Amino acid sequence: MTNYPIDMSVKPEVEAFFDPSTNTISYVVKDPNSSSCAVIDSVMDIDYAAGRISYDHADRMIAHILKHELMLEWIIETHVHADHLSAAPYIQGKLGGKIAIGDKILVVQDVFGKIFNEGTEFQRDGSQFDALLKDGDTYRIGGMTAVAIYTPGHTPACMVHVMGNAAFVGDTLFMPDGGSARADFPGGDAATLYDSIQKVLSLPDEMRLFMCHDYGPNGRDIQWETTVGAEKAHNIHVGAGKTKDEFVRFRTERDATLSMPRLIIPSLQVNMRAGEMPTDKDGRPMLKVPVNGL
Ligand SMILES: [Fe+2]
């Protein structure tokens, strides 16, 4: 694999924020040697039936950052989420920081720009984000170096972010007993996902891995942290030497049985705009539903 600058001696402080309505885990990651921090995969609350948004989850993260007098430098999206809405612009408005995502967002914007029949006012150049990261790009959180690793498969724009001995895997992997995320969204691909997972599993065994989702399989409590070593040994979809063919066959069959995530329609429209609501011709926030479009 590409030689990414990994430094296991740097041990960031990680605070997790679980959102029970979407089973998403958001993180505040603090540089151990300064007050600088990053937010990863924030959540905006939505009552979709009522068309109402609110910010309880984001406010909990903001309160944590203020209480500990942290300086927010980055607001990271591991990918364009299909199951929850990002609160990145809301958090940025309160605390500053730069919103970043993988540069393959252009592919996602092109695909979903067509599906939602967006007009020319919807820019497909990623300009809604403050930074577009390429494979191996590094950025600083205080004295700590973070590196973005390209991990497509679940979506074309997925990236894993490594900060010291902690990696934030987005939807590349689930906990060992949860396996992996689906690969059947437009632009997704099971074989590509397998290759991306191998990239994550080639990180040091002791690397802490933080999930973006957990659904508490088999009735266990929600968990979000594991290690590369534990995933290699026990992941039910890719662990213990499962082959690419086995994985692709299993993943493809499983994905064919899954219904669309409850919030995919609003999530895509908001998240491909870096968390901003689309607006109608009069500038009012407004969402669309493409009938039989997904
Ligand atoms: Fe996802």
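**Sheet order and the surroundings of His64**

User: In what order do the six strands of the open sheet lie?
Analyst: In this predicted model, the sheet is open and its pairing is mixed. Its six strands follow the order S1-S2-S3-S6-S7-S8.

User: Which strands are the edge strands?
Analyst: An edge strand of this sheet pairs on one side only. That applies to strand S1 (13–19) and strand S8 (131–133).

User: How many bridges join S1 to strand S2?
Analyst: Strand S2 covers residues 24–30, and S1 and S2 run antiparallel. One bridge partner pair is Glu15 with Val28 in S2. The number of bridges joining S1 to S2 is seven.

User: Leaving aside neighbours within four places in sequence, which residues is His64 in contact with?
Analyst: His64 lies in helix H1 (residues 56–67). Contact here requires C-beta atoms within 7 Å. With neighbours within four places in sequence left aside, the residues that meet this are Glu15 and Val28.

User: Is His64 buried, partly exposed or exposed?
Analyst: His64 has 16 other C-beta atoms within 10 Å. Buried needs 20 or more and exposed needs 12 or fewer. The count of 16 falls in between, so His64 is partly exposed.

User: How far apart in space are His64 and Asp171?
Analyst: In sequence, His64 and Asp171 are 107 residues apart. In space, C-alpha to C-alpha, the separation is 25 Å.

User: At about what angle does helix H2 run to S6?
Analyst: Helix H2 (residues 88–95) lies across strand S3 (36–40), strand S6 (71–76) and strand S7 (98–102). Relative to S6, helix H2 runs at about 165°.

Technical notes: Residues are numbered from 1 along each chain as its sequence is written. This is a predicted model: local features need pLDDT of at least 70, side-chain atom pairs count only at pLDDT 80 or more; totals for chains, interfaces and linings use all residues. Helices (H or I, at least four residues) and strands (E, at least two) are DSSP runs, numbered from the N terminus. Two residues are in contact if their C-beta atoms, placed from the backbone, lie within 7 Å. Two strands pair if DSSP finds at least two bridges between them. Axes are lines fitted to C-alpha atoms, for helices over the stretch in contact, and angles run from 0 to 180 degrees between N-to-C directions.
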